[in-house]
Amino acid sequence: PAAPANPADHQGAVISPMVGTVYTAPEPDAPAFIIEGETVTAGQTLFIVEAMKVMNPITAPKAGTVVKIFVQNAQPIEFGEALVFVE
């Protein structure tokens with residue numbers, strides 16, 4: 001089947017539950033939580049979203065492989081925006 005036009009509509013998309021700034025690593029000099037092609041487990045931290053000075057972990061809803069990462073470190077994001085595909 002054809003891929004949805006909006007990445008957030010993809011079945012394996014992990015979407016942002018809030019508006020904020022996404023961080024791909026726990027600290028500026030630390031390695032990223034995930035990389036494309038990596039296998040993740042359910043509940044594993046994928047990103048941190050800072051919203052109103054609170055750091056909110058975004059976790060994998062299921063185990064799978066990281067197919068595509070749509071965001072970069074310190075990028076502003078919107079509610080409902082696709083962050084990553086996990087299949």
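## A walk through an all-strand chain

Let's start with overall size: for 87 residues, a compact globule would have a radius of gyration near 12 Å, and this chain has 12 Å, so the two agree. Keep in mind as you look around that this is a predicted model. Taken along the principal axes, the C-alpha atoms fill a box of roughly 40 × 25 × 20 Å.

What is the chain built from? It has eight strands and zero helices, so if you read the elements from the N terminus on, you just get β-β-β-β-β-β-β-β. Contacts also reach along the sequence: among those between residues at least 6 apart, 56% join residues at least 24 apart.

Now look for the sheet. Four strands form an open sheet in the order S1-S8-S6-S3, with antiparallel pairing. At the edges sit strand S1 (13-15) and S3, each of which pairs on one side only. In general, strands of a sheet pair through backbone hydrogen bonds, and the pairing can be parallel or antiparallel. Here, S6 and S8 run antiparallel and are joined by three bridges. You can spot isoleucine 69 standing opposite valine 84 in S8. S3 and S6 also pair in the antiparallel sense, over two bridges. Over there, valine 40 stands opposite glycine 64 in S6.

Next, let's go inside. Of the 87 residues in the chain, 37% count as buried. As a rule, nonpolar side chains in soluble globular proteins tend to be buried together. In this model, the largest nonpolar core has 18 residues, and those with the most contacts inside it include Ile69, Val84 and Val40. Strand S4 (45-51), strand S6 (64-69) and strand S8 (82-86) are the elements that give two or more residues to this core. S4 gives the most, with four residues.

Valine 71 is another of the residues with the most contacts inside that core. Which residues does valine 71 touch, not counting those up to four places away in sequence? The list is Val22, Thr24, Phe47, Ile77, Glu81, Ala82 and Leu83. Phe47 is itself one of the residues with the most contacts inside the core.

Let's follow one of those partners, threonine 24. You'll find threonine 24 in the loop between strand S2 (20-23) and strand S3 (39-40). Is threonine 24 buried or exposed? With a relative accessible area of 16%, threonine 24 is buried, because the cut-off for that is under 20%. Leaving aside neighbours within four places in sequence, threonine 24 is in contact with Ala32, Phe33, Phe47, Val71, Gln72 and Asn73.

For a contrast, turn to threonine 59, which lies in strand S5 (residues 54-59). Threonine 59 has 35% relative accessibility, so it counts as partly exposed. Setting aside neighbours within four places in sequence, threonine 59 is in contact with Val14, Gly43, Gln44, Thr45 and Leu46. Leu46 takes us back to the core, where it is among the residues with the most contacts. You can also try a distance check: threonine 59 and phenylalanine 79 are 20 residues apart in sequence and 16 Å apart in space, C-alpha to C-alpha.

Finally, step back to the outside. The chain exposes about 5,200 Å², and carbon and sulfur atoms supply 57% of that area.

Notes: Residues numbered from 1 in each chain as written. Predicted model: local features only at pLDDT ≥ 70, side-chain atom pairs only at ≥ 80, totals over all residues. Heavy atoms only, no water. Buried < 20%, exposed > 50% of the residue type's maximum accessible area, 1.4 Å probe, protein only. Contact = heavy atoms within 4.5 Å. Core = buried A, V, L, I, M, F, W, Y, C linked by side-chain atoms within 4.5 Å. Pairing = 2+ DSSP bridges. Rg over C-alpha atoms; globule rule 2.2 N^0.38 Å. Areas by Shrake-Rupley, 256 points an atom, 1.4 Å probe, with all protein chains shown as cover.
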